[in-house]
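Student: I am new to this structure and would like a close look at a single part of it. Please pick one place, stay with it for a while, and then say how the rest of the chain lies around it.

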Amino acid sequence: MRKSFAVALLAGLLGLLVVAAPALSRHKSLEVDDNYFVEKGKPHTVTVHAGDTVEWEWEGMTNPHNVTVVKAPKGAKKFHSKTQTSGTFEKKLKKAGTYKIVCTIHAAEGMKMTLKVKK
């Protein structure tokens, strides 16, 4: 009787963890503005955790921009948003490491950022 209760309790806790795990991931919003990510100036570094979703948001600009990974950690897939002037692009980052991101149109003007994903 005790053994079956312990097994049932353990199974219930494990099920709760499986259901709750997605809720533990976070959401990080970043602004895409004319010729820079995050804020004006030198390229910036943003740190998130594996499993977090990063959202880039374009707000009513006239110049089109994109989010393009030019360097990703070993085993991670590079990603690329469409070129746009408004809207959002989201990516759930599962692989820890450093991602180098540029706008392919404005990289020469310094539109670059580093995204560090921690375990």
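Tutor: In this predicted model, the side chain of aspartate 52 reaches the backbone nitrogen of arginine 26, at 3.1 Å. The side chain of aspartate 52 also reaches the backbone nitrogen of histidine 49, and there the distance is 2.8 Å. Aspartate 52 itself sits in the loop that runs between β3 and β4. Is this loop residue buried or exposed? Aspartate 52 counts as buried because its relative accessible area is 4%, and the cut-off for buried is under 20%.

The strands on either side of that loop lead to the core. β3 (44-49) and β4 (53-58) each supply at least two residues of the largest nonpolar core, and so do β1 (27-33), β7 (97-102) and β8 (112-118). This core has 23 residues, and the members that touch the most others are Phe37, Trp56, Tyr99, Ile101 and Leu115.

Tryptophan 56 shows what such a member meets. With neighbours up to four places away in sequence left aside, its contacts include Leu30, Val32, Phe37 and Val67. Further on in the sequence, tryptophan 56 is in contact with Phe79, Gly87, Thr88, Phe89 and Lys91, and also with Ile101, Met113 and Leu115.

Isoleucine 101 can be taken next, in strand β7. Its relative accessible area is 1%, so isoleucine 101 is buried. Beyond its neighbours within four places, isoleucine 101 is in contact with Trp56, as well as Phe37, Val67, Thr68 and Val69. Met111, Lys112, Met113 and Leu115 are also among the contacts of isoleucine 101. Asparagine 66 is 35 residues away from isoleucine 101 along the chain, and their C-alpha atoms are separated by 9.6 Å.

Valine 102 is also placed in strand β7. It counts as buried because its relative accessibility is 10%. Not counting residues up to four places away, valine 102 touches Phe37, Asn66, Val67, Thr68 and Val70, along with Ala107, Met111 and Lys112. From the C-alpha atom of valine 102 to that of tyrosine 36 is 9.2 Å, although their positions lie 66 residues apart in the count along the chain.

After β7 comes a contrast. Alanine 108 lies in the loop between β7 and β8, and alanine 108 is exposed because its relative accessible area is 79%, where exposed means over 50%. Asparagine 35 is 73 residues away from alanine 108 in sequence, with 9.7 Å between the C-alpha atoms.

Tyr99, named above for the core, also has a place in the lining of the largest pocket. Other lining residues include Ala76, Phe79 and Leu93, together with Lys77, Lys91, Lys92, Lys94 and Lys95. The lining divides into 4 nonpolar residues, 5 charged and no polar. About 150 Å³ of space lies in this pocket.

As for the whole, the chain has 1 helix and 8 strands, in the pattern α-β-β-β-β-β-β-β-β along the sequence. Of its 119 residues, 31% are buried. Among contacts between residues at least 6 apart in sequence, 63% join residues at least 24 apart.

Definitions and conventions:
Residues are numbered from 1 along each chain as its sequence is written. This is a predicted model: local features need pLDDT of at least 70, side-chain atom pairs count only at pLDDT 80 or more; totals for chains, interfaces and linings use all residues. Side-chain values use heavy atoms; hydrogens and water are left out. A nonpolar core is a set of buried Ala, Val, Leu, Ile, Met, Phe, Trp, Tyr and Cys residues joined through side-chain atoms within 4.5 Å. Buried means under 20% relative accessible area, exposed over 50%, partly exposed in between (1.4 Å probe, protein chains only). Helices (H or I, at least four residues) and strands (E, at least two) are DSSP runs, numbered from the N terminus. Contact means heavy atoms within 4.5 Å. A polar contact is a pair of N or O atoms within 3.5 Å; within protein, one must be able to donate a hydrogen and the other to accept it, and residues adjacent in sequence count only if both atoms are side-chain atoms. On a 1 Å grid over the protein atoms alone, a cavity is a set of points where a 1.4 Å probe fits but cannot get out, and a pocket is an open set with protein on both sides within 12 Å along at least five of seven lines; lining residues have an atom within 4 Å of a point. Grid points are joined across faces, edges and corners, and a volume is the space filled by probe spheres set on the points. Ala, Val, Leu, Ile, Met, Phe, Trp, Tyr, Cys and Pro count as nonpolar, Asp, Glu, Lys and Arg as charged, and the others, Gly among them, as polar.
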